[in-house]
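Here is a friendly walk through a protein–DNA model, written for someone who likes to check distances and cut-offs. Please keep the viewer open as you read.

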Amino acid sequence: MPELPEVEAVRRHLVAAVEGRRIESVRVLRADYIRYTAFPLAELSGCELRTINRHGKRLFWPFVPQGCMVSHLGMSGRVTLRSSGDPSLAHTHLIIAIAGGIYLHFSDPRRFGGVWLYESEVDAAAAHVYRKMGVDALSLREEDLTVWSRKATSLKAELLSQKTVAGLGNIYVDEALWMARLHPMQKVRRITRESRGRLVACIGQVLRASLRHGGTTFRDYRDAKANRGGFGQRLAVYGKAGHPCQRCGAVLQSLVIAQRSTVICPKCQLRRNHGRNAN
DNA sequence: TTAGGCCTGCAC
DNA sequence: GTGCAGGCCTAA
């Protein structure tokens, strides 16, 4: 499932191919994949794609002279570059024709993802970043987590919520918490500053390592070239319940936290908030 | 804060 | 055939 490294890998590939190019036409094959439009999508024809930015798991596509598209891959979304405007992949919902004979195909079997269209980049950010998303996980610093001292949620729920840190999903939350030796059920307000610093470092390390390998392949993820990511076999805990912890050898344990499957090392990741409201 | 719904493919 | 996987939104 696409998380930050997968989305970033897609972004880099797309930018190299289509940045600065003109939109020739837009073809919607499935209307409800377009979640919001401030103006008809067809009016993007003739506009120039200025660049592609990313915040968390979302891509922002600002156009000149006007318009900004937001895309989210959801669980099973893919954006692929093709030389044909005919849908070759099942579940292709949107095709954007770009000058130079390039066609951007948006496909998404499960349709958890989608596309939004705003008048401007500011409008797009207002709807998708300012209200609900925290700092992007790749530029996270320890100071960004000081707000945790006033929050009652668990580490797992907090990191999945995108509210303070944007971009992590179930895979990388489990990986980063394991690397930082923190228990996912621990309350964020009880995390020491030192542990927060360690977590920030581990989040960066996990994401950058994944990015170097082109993301994680799990189920349907592919990058814009339809390649599979190579980070999958390097995962330490995700999907590895019952296997030995590569750090201490203890058997990795599976549990459900915040309605999400979670894998931890019961020996490395000890809860430190026992004795007070530690149910 | 938590549960449910969305949706499909795949493992069992 | 059943159930689970998951991000994110909405409702209770």
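In this predicted model, an N or O atom in the side chain of arginine 111 sits 3.2 Å from a phosphate oxygen of DNA strand B. That pair is a polar contact, meaning N or O atoms within 3.5 Å of each other; within protein, one must be able to donate a hydrogen and the other to accept it, and residues adjacent in sequence count only if both atoms belong to side chains. Arginine 111 belongs to the loop between β9 (102–107) and β10 (114–118). Strands here are DSSP runs of E with at least two residues, helices are runs of H or I with at least four, and both are numbered from the N terminus. Although arginine 111 is not a glycine, its phi is positive, about 55 degrees. Its relative accessible area is 31%, so arginine 111 counts as partly exposed. On this scale buried means under 20%, exposed means over 50%, and partly exposed is in between, using a 1.4 Å probe and protein chains only.

Before going further, a few conventions. Residues are numbered from 1 along each chain as its sequence is written, while chains are lettered from A and ligands numbered from 1 in the order in which they are written. Because this is a predicted model, local features need pLDDT of at least 70 and side-chain atom pairs count only at pLDDT 80 or more, whereas totals for chains, interfaces and linings use all residues; side-chain values use heavy atoms, with hydrogens and water left out.

**The two DNA strands**

Which residues surround DNA strand B? They are His91, Pro109, Arg110, Arg111, Phe112 and Gln259, where near means that a heavy atom of the residue lies within 4 Å of the strand. Of the strand B atoms that come within 4 Å of the protein, 59% are from sugar and phosphate. The residues near strand B divide into two nonpolar, two polar and two charged. In this scheme Ala, Val, Leu, Ile, Met, Phe, Trp, Tyr, Cys and Pro are nonpolar, Asp, Glu, Lys and Arg are charged, and the others, Gly among them, are polar.

DNA strand C is surrounded by 14 residues, the closest being His72, Arg110, Asn170, Tyr238 and Arg260. Sugar and phosphate make up 55% of the strand C atoms that come within 4 Å of the protein. The residues near strand C comprise three nonpolar, five polar and six charged.

Some further atom pairs between protein and DNA are set out here.

| Protein atom | DNA atom | Distance |
|---|---|---|
| Histidine 91, polar side-chain atom | Strand B, phosphate oxygen | 3.0 Å |
| Arginine 110, polar backbone atom | Strand B, sugar or linking oxygen | 3.4 Å |
| Lysine 57, polar side-chain atom | Strand C, phosphate oxygen | 3.3 Å |
| Arginine 58, polar side-chain atom | Strand C, phosphate oxygen | 3.0 Å |
| Arginine 260, polar side-chain atom | Strand C, base nitrogen | 2.5 Å |

**The protein as a whole**

Chain A has five helices and 14 strands. A compact globule of 279 residues would have a radius of gyration near 19 Å, and the 20 Å of chain A agrees with that; the radius is taken over C-alpha atoms, and the globule rule is 2.2 Å times the number of residues to the power 0.38. Along the principal axes, the C-alpha atoms fill a box of roughly 65 × 35 × 30 Å. Of the 279 residues in chain A, 53% are buried. Among contacts (heavy atoms within 4.5 Å) with a separation of 6 or more, 64% join residues 24 or more positions apart.

**A buried helix and a buried threonine**

Why is helix α4 (residues 170–179) described as largely enclosed by the rest of the structure? Nine of its 10 residues are buried, among them Asn170, Tyr172, Asp174 and Trp178. The cover over the buried residues of α4 includes α1 (4–18), α3 (155–161), α5 (193–212) and β14 (260–264). Just after α4, arginine 181 has a positive phi of about 60 degrees.

Threonine 51 lies in the loop between β3 (48–49) and β4 (53–55). With 13% relative accessibility, threonine 51 counts as buried. Its side chain makes a polar contact of 2.6 Å with the side chain of glutamate 19. Beyond neighbours within four places in sequence, threonine 51 is in contact with Val15, Glu19, Phe60, Trp61 and Pro62.

**Backbone points to check**

Most residues other than glycine have a negative phi, and most peptide bonds are trans. The peptide bond from valine 64 to proline 65 is cis, with omega near 5 degrees, and proline 65 is in the loop between β5 (58–64) and β6 (68–72). Glutamine 162 has a positive phi, near 75 degrees, and is placed in the loop between α3 and β12 (165–166). At 14% relative accessibility, glutamine 162 counts as buried.
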